[in-house]
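Student: I'd like to learn how to read a structure like this one. Can we go through it feature by feature?

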Amino acid sequence: MIKSIFTPKNRLPIHKYLRINFLCGTIALLVLLTFCLAGSAFSANADPPREIEYQLTLNVTQRPYTSTITMIIPVDRSEKSIRLQMPVWSPGDYHIQNHARYVRNVNATGTDLVQNSTGKPNESVNVSIPVNHIDANTWELKSVSCRTVRLSYSISSTPPGIFSENVKITAGSAFFNGPSAFLYVVDHKDMRIKLKVEVKSGWLAESPLPTLSGYKPTSETAAFYAPDYDTFADSPLLLIKKEAVKMWDFDSNGAHYQAIFFGQYTPIQNDPRYQTVLKKIVHSENSMMGGPTSPHYMFFFD
């Protein structure tokens, strides 16, 4: 079975998923319409922090293969606690999965500036912050008085959903479906997101998210950005050895489409019939939805 995600680059706030399931040469097309998770606004009395930064590194040198995800969270001084949650389901897989049960090793530190001997606040001090797992999907940090919180956790491969992998890490690749991998800050899902990914030598990073200026997917660090958590979570990430992936692309209805094959992709990667089928799917989707809403879309096949 080949599971895939069709996801746009530079998306609009209303997100659309197209997932395709190939089984015994039969293609079943499911069009999932107008998915949009609600974000929350900051208090009118507080200056909103600019962004949350996520950093992702892989450990594929020994089993179990894992990933470490670090969140760097600017703190609103008016807030005395921070809550973080993991989604319980993923777009397109309309059933409860409780992704939080696979999160491990959660810890947090706070960073603040203190006065040095000259009286200027330019010395950074790190302090440990207790993390309480208050319910199945929520972690809370209380008595937060620092300027920045650095929270990290680990996650390994998790069971797949109905139409997509969630987190799948092997010795040669790692696939992350956003809701199953990334915590969010409660009441601050509208914050801008930056994602920095450690890219091993000979690997590349692919995501429908726009890349940050100065970073390339094949450099030691790839960096992407999103205007908010919902867009971020709606954009899968693939890390993979260069020789283990096949890509081809085409244009249709004024947009650019890219198909990325990895894992068990050999039977179909060079079959021109699949290119014809994908073009028909794209044409039908655009006809139903009134045309593309983004200039660049990606199919992921594994």
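Student: Let's start small: is Q97 buried or exposed?

Tutor: Keep in mind that this is a predicted model. For burial, you look at the relative accessible area and call a residue buried when that value is under 20%. Q97 comes out at 8%, so it counts as buried. You'll find Q97 in the loop between β6 and β7 (104–115).

Student: What is Q97 in contact with, once neighbours within four places in sequence are left aside?

Tutor: The list is V88, S90, P159, P160, G161 and N166. Pick out N166 from that list, since the side chains of Q97 and N166 also make a polar contact, at 2.8 Å.

Student: Where does N166 sit?

Tutor: In another loop, the one between β11 (148–156) and β12 (167–169). N166 has 1% relative accessibility, and that is why it is classed as buried. Apart from residues within four places in sequence, N166 is in contact with S90, Q97, H99, T158, P159, P160, G161, F175, F176, N177 and S180. If you put the two lists side by side, you'll see S90, P159, P160 and G161 in the one for Q97 and again in the one for N166.

Student: Okay, on to sheets. How should I read them, and what is the strand order in the sheet that contains β12?

Tutor: The general idea is that strands of a sheet pair through backbone hydrogen bonds, either parallel or antiparallel. Here, four strands make an open sheet with the order β12-β13-β18-β16, and the pairing is antiparallel. The edges are β12 and β16 (203–206); each has a single partner strand, so one side of each has no neighbour in the sheet. On average, neighbouring strands of this sheet are turned by 10 degrees against each other, ignoring direction.

Student: Which strands does β18 pair with, and over how many bridges?

Tutor: On one hand there's β16, joined to β18 (residues 237–241) by four bridges in antiparallel fashion. On the other there's β13 (residues 173–176), also antiparallel to β18 and paired over four bridges. To follow the register by eye, use the facing residues: A205 is opposite L239, W203 is opposite K241, and S173 is opposite I240.

Student: Why is β18 described as largely enclosed?

Tutor: Because four of its five residues are buried, β18 is largely enclosed by the rest of the structure.

Student: What order do the strands take in the sheet with β10?

Tutor: That one is also an open sheet of four strands, in the order β9-β10-β6-β14, with antiparallel pairing. β9 and β14 (184–185) are the edge strands, each pairing on one side only. Strand β6 (residues 81–85) is joined to β10 by five bridges, and L84 has W139 as its bridge partner in β10. Strand β9 (residues 132–135) is joined to β10 by three bridges, with N132 opposite E140. A hairpin through two residues links β9 to β10. As for cover, β10 (residues 138–142) has four of its five residues buried.

Student: Now the interior. Which residues touch the most other members of the largest nonpolar core?

Tutor: In soluble globular proteins, nonpolar side chains tend to be buried together. In this model, the largest nonpolar core has 51 residues, and those touching the most other members are Y54, M71, V149, F176, F182 and L239. Take F182: not counting residues up to four places away in sequence, F182 touches Y54, L56, I69, M86, P87, Y153, L195, Y229 and F232. There's a second, separate core of twelve residues too, including W248, F250, L278 and I281. You've already met two members of the largest core: L239 faces A205, and F176 is on the contact list of N166.

Student: And the whole chain: how many helices and strands does it have?

Tutor: The protein chain has three helices and 21 strands. Of its 302 residues, 51% are buried. Another thing to read is how far apart contacting residues are in sequence: among contacts between residues at least 6 apart, 67% join residues at least 24 apart.

Student: What supplies the area that the chain exposes?

Tutor: The chain exposes about 14,200 Å², and carbon and sulfur atoms supply 50% of that.

Notes
Residues are numbered from 1 along each chain as its sequence is written. This is a predicted model: local features need pLDDT of at least 70, side-chain atom pairs count only at pLDDT 80 or more; totals for chains, interfaces and linings use all residues. Side-chain values use heavy atoms; hydrogens and water are left out. Buried means under 20% relative accessible area, exposed over 50%, partly exposed in between (1.4 Å probe, protein chains only). A polar contact is a pair of N or O atoms within 3.5 Å; within protein, one must be able to donate a hydrogen and the other to accept it, and residues adjacent in sequence count only if both atoms are side-chain atoms. Contact means heavy atoms within 4.5 Å. Two strands pair if DSSP finds at least two bridges between them. Axes are lines fitted to C-alpha atoms, for helices over the stretch in contact, and angles run from 0 to 180 degrees between N-to-C directions. A nonpolar core is a set of buried Ala, Val, Leu, Ile, Met, Phe, Trp, Tyr and Cys residues joined through side-chain atoms within 4.5 Å. Accessible areas come from the Shrake-Rupley method with a 1.4 Å probe; for residues, only the protein chains shown count as cover.
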